[in-house]
Amino acid sequence: MDFETIIGLEIHAELSTKSKMFCGCSTVFGGEPNTKTCPVCLGHPGTLPVANRKAIEYAILLGLALNCEIAERSIFHRKNYFYPDMPKNYQISQYDIPLSRNGFLEIDMGEYKRRVGIIRVHLEEDTGKSIHVGESGRIHGAERSLEDFNRAGIPLVEIVTEPDLRSPEEARNFMMELRAVLEYLGISDCKMEEGSLRCDANISVGVGGSRGTKVEIKNMNSFRALQRALSFEEKRQRDVLLKGGIVTQETRHWDEAAGITHALRTKEEAFDYRYFPEPDLVPIEPDPPWVEELRRSLPEMPAERLRRFISEYGLPKDIAKVLVYDKKLGNFYEETVRKGENPIEIAKWVAGDLAGLLNEASIDADLSPVRPGGVSELVHLVESGVISGRMAKDVLKEAFESGESPRQIVSRKGLSQIADSNEILAIVKQVIKENPQAVSDYLDGKEQALKYLMGQVMKLTRGKANPKMASEMLVEALKMRE
Amino acid sequence: MAISIEDVEHVAKLARIYLTEEEKEMFRKQLSDVLEHARVISEVDTSTVEPTSHAIPLSNVTREDEVRESLTVEEATKNAPWSDGGAFTVPKII
Ligand SMILES: [Zn+2]
């Protein structure tokens, strides 16, 4: 059968303002329950919300970065629902007049690019957190729920894409691109594990050109989970269709541990939010000078930086991507390049071994124990032949662990490789003398013997001979015996 | 415009309130009267009027992004009939 998968995403990102959307409570993650609340975010009668200007600016910046039209006039709505995670029994959100709409974001899939439409970007407030207490620890069967409103009222942007994505890989790529945009704008922490970046998806599988049934997937808490959940769901829907069945329109929950999605039991009337204009908040009317000022403050976006890294430093795309899609690592790289060594060699070390060490230790590049100066030093040591690339790996690891500079490590441990031709020649001669069998094997045309002899040279120098010089000298010396 | 008993039941369900048969009939009539009253307004030609979401012509009322002191947990939960370890406690949800 000729299947077509269609995916649209709905993403929520917490904005990294200091205070909440409509009150002065702190937005710092965690803390004891209800230590960051006030009469406004607790929904006490008689209190009035006042919009955080920074949050509005952040949302406009995102709209601009996603090529959206910024509304001349935008209003807030109340989204009414009864669930104890919102003390007011409604969430302040936006409805028919969002702050921005009709944008796009391009993703690079290697062989092709795809322009993904952005339907809207709007502002709203986050909800509180519920902990369900009872035998099962889940909603069903819980005896009571504990409500913590520290998160209630933190500014959120909601980003809704057109159903333009065609595979789980594209969906994952889109999220990576969007996260990078948020990171470069500096408007969100983008931590999926802490819930500051969240994603729901709609996925349908159509057959022979006709549209399939839309299924909503929730609870994907990592990039990996997003791709796994969508791959599972794509296959599940195909299997249903192959058996001649009908896909049910429903909301499904991704179970990370079990690796499956399962249908959520929902009440039929759950989606009647009775939106109406929030009477306590006046409209936002971003006037052109304000929007222009924000537009001018837009930093370089990840896609632009990627192009620049490739053209300016001559980097291969895969290495440039590693550097660009981690803003701090990219900054670290550029700082290192400014110290003057070969940009391509630096990129290999920063995107390779250093990124690996940082990842393993869960440290962001800006807090790396090896500073840009250290990496520059390391590259210099390798480029000038003082140490081999192999040795440099160990030196970097040690520098990372001890904080010592690569130069110090090399001199303290006497690691400088032997690049003195007389010294190497003496050892080459000794090896030839002591291994007559291997020498005659080589002269008989057995190439393997050369490897063995080379190994002996490295053994006698405890790995410190410059391998290129040693091998050239060995071949030269053997030639003279022919 | 008349409201049906089903409409009343739907709205009551969304608001999580439980009504007796007599109350349903009473609200059906009251809500119908309210809508009937509003219908008078809909007779006015508003085709050239911008939709109004606020009575006062005011926009861009904002505050600076500054943290202000929050309540203590004790103050925050003081009015709650049921709390546990600083968290508001509510009966099971589903
Ligand atoms: Zn507050």
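**The nine-stranded sheet**

Begin by selecting the strands of the open sheet of 9 strands in chain A, whose order is S3-S6-S7-S10-S1-S11-S12-S13-S14 and whose pairing is mixed. The two edges are strand S3 (69–70) and strand S14 (260–263) of chain A; each has a single partner strand, so one side of each is left without a neighbour in the sheet. Please bear in mind throughout that this is a predicted model.

Next, display helix H1 (residues 53–65) of chain A, which packs on the sheet and touches S3, strand S6 (100–108), strand S7 (113–125) and strand S10 (155–161) of chain A. The direction of H1 makes about 165 degrees with that of S7(A).

**Strands S6, S7 and S10**

Keep S6(A) and S7(A) selected: these strands run antiparallel and are joined by 8 bridges. Within this pairing, Leu105(A) has Val116(A) in S7(A) as its bridge partner. Then move to the turn of the hairpin, where 4 residues lie between the strands and Gly110(A) takes a positive phi near 85 degrees.

From S7(A), step across to S10(A); the two pair in the antiparallel sense over 7 bridges. One position to label here is Glu125(A), whose bridge partner in S10(A) is Pro155(A).

**Strands S11, S12 and S13**

Now select strand S11 (residues 197–207) and strand S12 (residues 215–220) of chain A, an antiparallel pair joined by 4 bridges. Two facing positions may be labelled: Ile203(A) stands opposite Val215(A) in S12(A), and Ala201(A) stands opposite Ile217(A) in S12(A).

Leave Ile217(A) highlighted and add strand S13 (residues 251–255) of chain A, which runs parallel to S12(A) and is joined to it by 3 bridges. The bridge partner of Ile217(A) in S13(A) is Arg252(A). Ile217(A) thus appears in two pairings, opposite Ala201(A) and with Arg252(A) as its partner in S13(A).

**The three-stranded sheet**

Turn next to an open sheet of 3 strands in chain A, with the order S5-S4-S15 and antiparallel pairing. Strand S5 (90–93) and strand S15 (276–277) of chain A are the edge strands, and each pairs on one side only. Select strand S4 (residues 77–80) of chain A, which is joined to S5(A) by 4 bridges in an antiparallel arrangement. In this pair, Lys79(A) stands opposite Gln91(A) in S5(A).

**The zinc site**

Centre the view on the zinc ion and show the side chains of Cys23(A), Cys25(A), Cys38(A) and Cys41(A), whose SG atoms are its protein donors at 2.3 to 2.4 Å. The 4 donor atoms subtend angles of 100 to 116 degrees, and the site is tetrahedral. Along the sequence, the spacing of the donor residues is C-x1-C-x12-C-x2-C. Cys23(A) and Cys41(A) are 18 residues apart, both in the loop between strand S1 (3–14) and strand S2 (51–52) of chain A.

**Helices H6 and H7**

Finish with helix H6 (residues 317–324) and helix H7 (residues 327–337) of chain A, whose axes come within 6 Å and cross at roughly 110 degrees. This angle makes H6(A) roughly perpendicular to H7(A). To see the contact, show Val322(A), Leu323(A) and Val324(A) of H6(A) together with Lys327(A), Leu329(A), Gly330(A) and Tyr333(A) of H7(A). The residues of this contact comprise 5 nonpolar, 1 polar and 1 charged.

Terms used. Residues numbered from 1 in each chain as written. Chains lettered and ligands numbered in written order. Predicted model: local features only at pLDDT ≥ 70, side-chain atom pairs only at ≥ 80, totals over all residues. Heavy atoms only, no water. Pairing = 2+ DSSP bridges. Contact = heavy atoms within 4.5 Å. Axes fitted to C-alpha atoms, helices over the stretch in contact; angles between N-to-C directions. Parallel < 35°, antiparallel > 145°, perpendicular 65-115°, else oblique. Nonpolar A, V, L, I, M, F, W, Y, C, P; charged D, E, K, R; others polar. Donors = N, O, S within 2.8 Å, 3.2 Å for Na, K, Ca; no water. Tetrahedral: all angles 85-135°; square planar, octahedral: opposite > 155°, others 65-115°.
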